[in-house]
Amino acid sequence: QVQLVESGGGLVQAGGSLRLSCAASGRTFSSYAMGWFRQAPGKEREFVAGIARNGDSTDYQNSVKGRFTIFRDNAKNTVYLQMNSLKPEDTAVYYCAARAVPAAKYAYWGQGTQVTVSS
């Protein structure tokens with residue numbers, strides 16, 4: 001199992017930047033593909049970005065491509081989401097999640113961190 005703790009959320013003006021961090025427990029972090037998801041009020045949770053176990057492959061939701069970057073440091077058991085050019089529609093609770101390859105489902109989730117972008 002792996003336990004995940006997000007940090008780095010907050011209030012930022014439109015056009016600003018935030019970096020989210022997700023620290024994982026355990027010694028097998030590098031065996032998990034990692035992802036960031038978000039859920040806005042009244043909406044379903046949606047995929048934002050994903051990264052392969054060794055960081056050599058990433059995937060993004062179309063609306064964040066070119067603005068958000070996911071990266072990981074396996075030595076620190078941490079995955080990050082750098083968010084630039086933030087928009088009010090990026091406001092949501094952001095969650096990190098872990099997927100034990102080759103499983104297709106993200107089985108482990110953090111508690112979430114609030115990101116609020118003011119216009």
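This tour visits the salt bridges and the disulfide of the structure in turn.

The model is predicted: local features need pLDDT of at least 70, side-chain atom pairs count only at pLDDT 80 or more, and totals for chains, interfaces and linings use all residues. Residues are numbered from 1 along each chain as its sequence is written, and side-chain values use heavy atoms, with hydrogens and water left out.

**Stop one: Arg38 and Glu46**

Select Arg38 and Glu46, which form a salt bridge. This term denotes a side-chain nitrogen of Lys or Arg within 4 Å of a carboxyl oxygen of Asp or Glu. In this pair, the closest N and O atoms are 2.7 Å apart. Arg38 is buried, with a relative accessible area of 6%, whereas Glu46 is partly exposed at 32%. Here buried means under 20% relative accessible area, exposed over 50%, and partly exposed in between, with a 1.4 Å probe and protein chains only.

**Stop two: Asp90**

Keep Arg38 selected and add Asp90. These two residues also form a salt bridge, with 3.0 Å between the closest N and O atoms. The pair links distant parts of the chain, 52 residues apart: Arg38 belongs to strand E4 (residues 32-39), and Asp90 to the loop between strand E8 (78-83) and strand E9 (92-100). Strands (E, at least two residues) and helices (H or I, at least four) are DSSP runs, numbered from the N terminus. Asp90 is buried, with a relative accessible area of 1%.

**Stop three: Arg67**

Next, add Arg67, whose side chain meets that of Asp90 in a salt bridge (2.8 Å, N to O). Arg67 lies in the loop between strand E6 (58-60) and strand E7 (68-73) and Asp90 in the loop between E8 and E9, so this pair ties together parts that are 23 residues apart in sequence. Both Asp90 and Arg67 are buried.

With the four residues displayed together, one can see that Arg38, Glu46, Arg67 and Asp90 are linked in a network of salt bridges. The count of salt bridges comes to three.

**Stop four: Cys22 and Cys96**

Finally, select Cys22 and Cys96, which are joined by a disulfide (S to S 1.9 Å). A disulfide is a covalent bond between the sulfur atoms of two cysteines; the criterion applied is a pair of cysteine sulfur atoms within 2.5 Å. The structure holds one disulfide. Cys22 in strand E3 (residues 18-24) and Cys96 in strand E9 are 74 residues apart, and the pair links distant parts of the chain. Which hand does the disulfide of Cys22 and Cys96 have? The torsion about its S-S bond is about 40°, so the disulfide is right-handed. Both Cys22 and Cys96 are buried.
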